[in-house]
Each structure stands twice: as structure tokens, then as C-alpha cells.
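Here are a few exercises to work through with the model open beside you. Take them in order, and try each one before reading its solution.

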Amino acid sequence: MGSAGAIIDDLVAESTELDALVAPLAADDWARPTPAPGWTVAHQIAHLLWTDRASLVSVTDEAGFGDVLASAAANPTGFVDAAAEELATMPPPELLADWRRTRTLLHDALRTVPDGRKLVWFGPPMSAASMATARLMETWAHGLDVADALGVQREPTARLKSIAHIGVRTRDYAYAVHGETPPGAPFHVELRAPDGDTWTWGPPDAAQRVTGSAADFCALVTQRRPRRELDVVAHGPDAEHWLTIAQAFAGPPGPGR
């Protein structure tokens, strides 16, 4: 994983790119359905706003984050959808302005987090770099939902490296949320970057390997594309199984798209 500052820079760039996609939309276009069942373009931005708000509280008011956790605990299987549903009712200009304001405050706050501080979250506490990576992953994934709804093809960038990294790092988590025991040995993951470079994780002599396109791997671990459509290849039975359950996001296993 890169430095927190570099990842935050990538998060800013990813957010700005998505902003440019939705800013010119007419009100009717904000109501377009996206591939996420029941979610419109407005729901996607509302979800990013809500999560950025929660992240900002984690950074700036650690004690107050207890209220966020209590609210989630009151509706553990539905609080994400409920929050998106509520915020999506805002008029699009207000929703966009609130997201811009909130994400800017979050990005600035993350830059002030000292090395060694762990930020409270719904799962294990994390560093500023980890939180920025998680926000980058979600912004890219939900941005892909929006782009699909609008029929827009977004070009992959080097920002995918951090998303691929979290996809690799969450291997054992994916097994855990499925009630399975992860393999004891590490895998080797070798991905083709958008610029033709090669990104790798894990020992090169590992028996279980995954190779392919970095963009497609990111789409797989965020469950934005079915594997049959992706250039991601497993070498070995354990690697094959991992690709059927991989998820880079927190929470219970998703149905995928």
C-alpha cells in the first residue's frame, strides 16, 4: 500500500471524476436505475455521502462514532440501504453539494491523522491509509454503477492499484464471512496494469496463483461484474474457489451483479 497522502490524492481524483459524471445530469437522470437493485444514481451518491460522513466522524470525533455504531446496530442488515434511501430524497443539487462539502472535509481531515493512529470503524480499527483506500474502492465501485446506468465507459487508471491491493488483502476475510477456513499458504496474484505494467502480490513460487487484468480483478472483488465476463484466471483449486467468494468490501457476502 502506498503512503496515506498519495492514496488520498487518488481518492480526490476518483471523487472528482465521478463528480464530473453526475454534475451535468438533469433531475430525471438522477432517478435512473443502476445495476444495484432498487438504487438510482441518487442512491449511489447518497451512499457515498453517508459513508463519507461516517468516516469524517471517525476521524474528528472518535467518541461520537459510538452513536454511528449504535444506529447501525439498531438495524444491522438494513442501515446502509436505509441511509441511502433517506439521503437520496434530497434534491440533486443539494445532494451533490453536500457530498462535495463532506468529502472535502474528510480528505483534509485524513491528511492530519498522525502515523500510528488507528481510526475506529464498523470492523477493526484502521490507519488513515487504509481508510482512504476503502473510500477509494467504494468511490470507484459505486462510480462504476453510475457509469453503467448512464451508458458511459470509464477508462481504468493507476488508481486501481490500491483497490487491487485491498482485494488481495481481504482474501482471508472473504473466507471468514462465508464461514470457511482460509488456506494456510499465501497466493501469488499477478495483474496487468492499465499502462501495461505488472502488479504482483505474494510469493512468485506459490502453488495457488491468480493472473489477469487489474481492472477486471477490481471489478471481481467489488462484485461489479460476473467472473465469466472477466479476464481473471485462477491457477489451482484454492485460487479457483477464492475467486468465487472474493469481496473487498466489509459486511456479509453480497449477491454480486
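**Exercise 1.** Find which residues Trp-140 is in contact with, leaving aside its neighbours within four places in sequence.

*Solution.* In this predicted model, the partners of Trp-140 are Glu-14, Arg-154, Leu-160, Ile-163, Ala-215, Cys-218, Ala-219 and Thr-222.

**Exercise 2.** Place Trp-140 in the largest nonpolar core, and say which element gives the largest share of this core.

*Solution.* Start with the core itself: it has 36 residues, and Trp-140, Val-210, Phe-217 and Trp-242 touch the most other members. Next, look at the elements giving two or more residues, among them H7, helix H8 (160-169) and helix H10 (214-221). The largest share, 6 residues, belongs to H10. Finally, note a second, separate core of 25 residues, which includes Leu-21, Ala-46, Trp-50 and Ala-83.

**Exercise 3.** Work out how helix H3 (residues 41-60) and helix H7 (residues 128-150) are oriented to each other.

*Solution.* Their axes come within 9 Å and cross at roughly 170°. Angles over 145 degrees count as roughly antiparallel, so H3 is roughly antiparallel to H7. The contact includes His-47, Leu-48 and Thr-51 of H3 and Arg-135, Glu-138 and His-142 of H7. Sorted by type, the residues of this contact are 6 nonpolar, 7 polar and 4 charged.

**Exercise 4.** Check the span of H7 against its 23 residues, then decide whether the helix is largely enclosed or not.

*Solution.* At 1.5 Å a residue, H7 should span 33 Å; its end C-alpha atoms lie 32 Å apart, which agrees. As for burial, 21 of the 23 residues are buried, so H7 is largely enclosed by the rest of the structure. Just after H7, Gly-151 has a positive phi of about 70°.

Technical notes: Residues are numbered from 1 along each chain as its sequence is written. This is a predicted model: local features need pLDDT of at least 70, side-chain atom pairs count only at pLDDT 80 or more; totals for chains, interfaces and linings use all residues. Side-chain values use heavy atoms; hydrogens and water are left out. Axes are lines fitted to C-alpha atoms, for helices over the stretch in contact, and angles run from 0 to 180 degrees between N-to-C directions. Helices (H or I, at least four residues) and strands (E, at least two) are DSSP runs, numbered from the N terminus. Angles under 35 degrees count as roughly parallel, over 145 as roughly antiparallel, 65 to 115 as roughly perpendicular and the rest as oblique. Contact means heavy atoms within 4.5 Å. Ala, Val, Leu, Ile, Met, Phe, Trp, Tyr, Cys and Pro count as nonpolar, Asp, Glu, Lys and Arg as charged, and the others, Gly among them, as polar. A nonpolar core is a set of buried Ala, Val, Leu, Ile, Met, Phe, Trp, Tyr and Cys residues joined through side-chain atoms within 4.5 Å. Buried means under 20% relative accessible area, exposed over 50%, partly exposed in between (1.4 Å probe, protein chains only). The expected span of a helix is 1.5 Å times one less than its number of residues.
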